[in-house]
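User: I would like to work through this model step by step, with the reasoning laid out before each result. Please take the questions in turn.

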Amino acid sequence: ARPLLQVGDHTRLDTRTLTVTVNGRAFPITQNGVGCVYTVNPVTLEVADQGGQLSFSLNTMAGCSWSAASSVSWITIATPAGSGGGSISLQVAANVGGDVRQGFVTVAGQRVTITQRRG
């Protein structure tokens, strides 16, 4: 059987409603907004022993909020929270005399691995 009413995909975050009136009787229809989906690119970064600035992109819809956290003290996140997609900048401290080391930045549940060469 073919549906009597067909509602198109809803690609925004907000909820939308529609009222259909049939023979004087109102039937409200509510369609929830989509949830936020996050992706990062690239998922791995390498940096020289002297450290420096790195960045990766976060893709999501406008209005989707996020926060970022580093697993190690030698990686500092320039903007630890925001909304919508964009570039996430990191500052990596120098690896003076140490072995190769690895840390992680997690943004909205997505993990980026940073590997730094030995000093």
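User: Is Thr113 buried or exposed, and what is its relative accessible area?

Analyst: The model is a predicted one, and Thr113 is found in strand S11. Apart from residues up to four places away in sequence, Thr113 touches Val43, Thr44 and Leu45 as well as Gln102, Gly103 and Phe104. Because the cut-off for a buried residue is under 20% relative accessible area, Thr113 counts as buried, with a value of 15%.

User: How many helices and how many strands are there in the protein?

Analyst: Read from the N terminus on, the elements of the protein run β-β-β-β-β-β-β-β-β-β-β. The count is accordingly 0 helices and 11 strands.

User: What is the strand order of the open sheet with mixed pairing?

Analyst: Two of its pairings can be set side by side: S4 and S11 run parallel and are joined by 4 bridges, whereas S10 and S11 run antiparallel and are joined by 7 bridges. S6 also pairs with S10 in the antiparallel sense, over 3 bridges. The edge strands, each pairing on one side only, are S4 and strand S8 (81-83). This open sheet of 5 strands, with mixed pairing, has the order S4-S11-S10-S6-S8.

User: What is the average twist from one strand to the next in this sheet of 5 strands, S4-S11-S10-S6-S8?

Analyst: The sheet is an open one with the order S4-S11-S10-S6-S8. From one strand to the next, its twist averages 20 degrees.

User: Which residue in S11 is the bridge partner of Val47?

Analyst: The parallel pairing of S4 with S11 rests on 4 bridges. Within this pairing, the partner of Val47 in S11 is Gln116.

User: Which residue takes a positive phi in the hairpin of S10 and S11?

Analyst: The two strands of this hairpin run antiparallel and are joined by 7 bridges, and Thr106 stands opposite Arg111 in S11. There are 2 residues between the strands of the hairpin, and the positive phi, near 50 degrees, is taken by Ala108.

User: Which residue in S10 is the bridge partner of Ala68?

Analyst: S6 and S10 pair in the antiparallel sense over 3 bridges. In that pairing, the S10 partner of Ala68 is Val107.

User: What is the strand order of the open sheet with antiparallel pairing?

Analyst: S3 is joined by 3 bridges to strand S5 (residues 52-59), and these two run antiparallel; in S5, Asn59 is the bridge partner of Thr39. The open sheet of 4 strands, with antiparallel pairing, has the order S3-S5-S9-S7. Its edge strands, each pairing on one side only, are strand S3 (39-41) and strand S7 (75-77), while the twist from one strand to the next averages 35 degrees. The order asked for is therefore S3-S5-S9-S7.

User: Is Ser57 buried, partly exposed or exposed?

Analyst: Ser57 has its place in strand S5, and beyond four places in sequence it touches Thr39, Val40, Asn41, Gly86 and Ser87. Since buried means under 20% relative accessible area and exposed means over 50%, the 25% of Ser57 makes this residue partly exposed.

User: Which residues touch the most other members of the largest nonpolar core?

Analyst: Nonpolar side chains tend to be buried together in soluble globular proteins. Here the largest nonpolar core has 20 residues, and strands S4, S5, S6, S7, S9, S10 and S11 each supply at least two of them. Leaving aside neighbours within four places in sequence, Leu90 is in contact with residues including Leu45, Phe56, Ile75, Val105 and Ile114. The members that touch the most others are Phe56, Leu90, Val105 and Ile114.

User: Which ring lies under the charged end of Arg111, and at what distance from its centre?

Analyst: A search of the whole structure finds 0 aromatic pairs, but charges over rings can be listed separately. Arg101 lies over the face of Trp74, at 4.1 Å from the ring centre. The charged end of Arg111 sits over the ring of Phe104, and the distance from its centre is 3.6 Å.

User: What share of the contacts with a separation of 6 or more is between residues 24 or more positions apart?

Analyst: Of the 119 residues in the protein, 25% are buried. Among the contacts with a separation of 6 or more, residues 24 or more positions apart account for 47%.

Methods:
Residues numbered from 1 in each chain as written. Predicted model: local features only at pLDDT ≥ 70, side-chain atom pairs only at ≥ 80, totals over all residues. Heavy atoms only, no water. Axes fitted to C-alpha atoms, helices over the stretch in contact; angles between N-to-C directions. Core = buried A, V, L, I, M, F, W, Y, C linked by side-chain atoms within 4.5 Å. Buried < 20%, exposed > 50% of the residue type's maximum accessible area, 1.4 Å probe, protein only. Contact = heavy atoms within 4.5 Å. Phe/Tyr/Trp six-rings, centres within 6.5 Å; stacked < 30°, edge-to-face > 60°. Lys NZ or Arg CZ within 6 Å of the ring centre and 35° of its normal.
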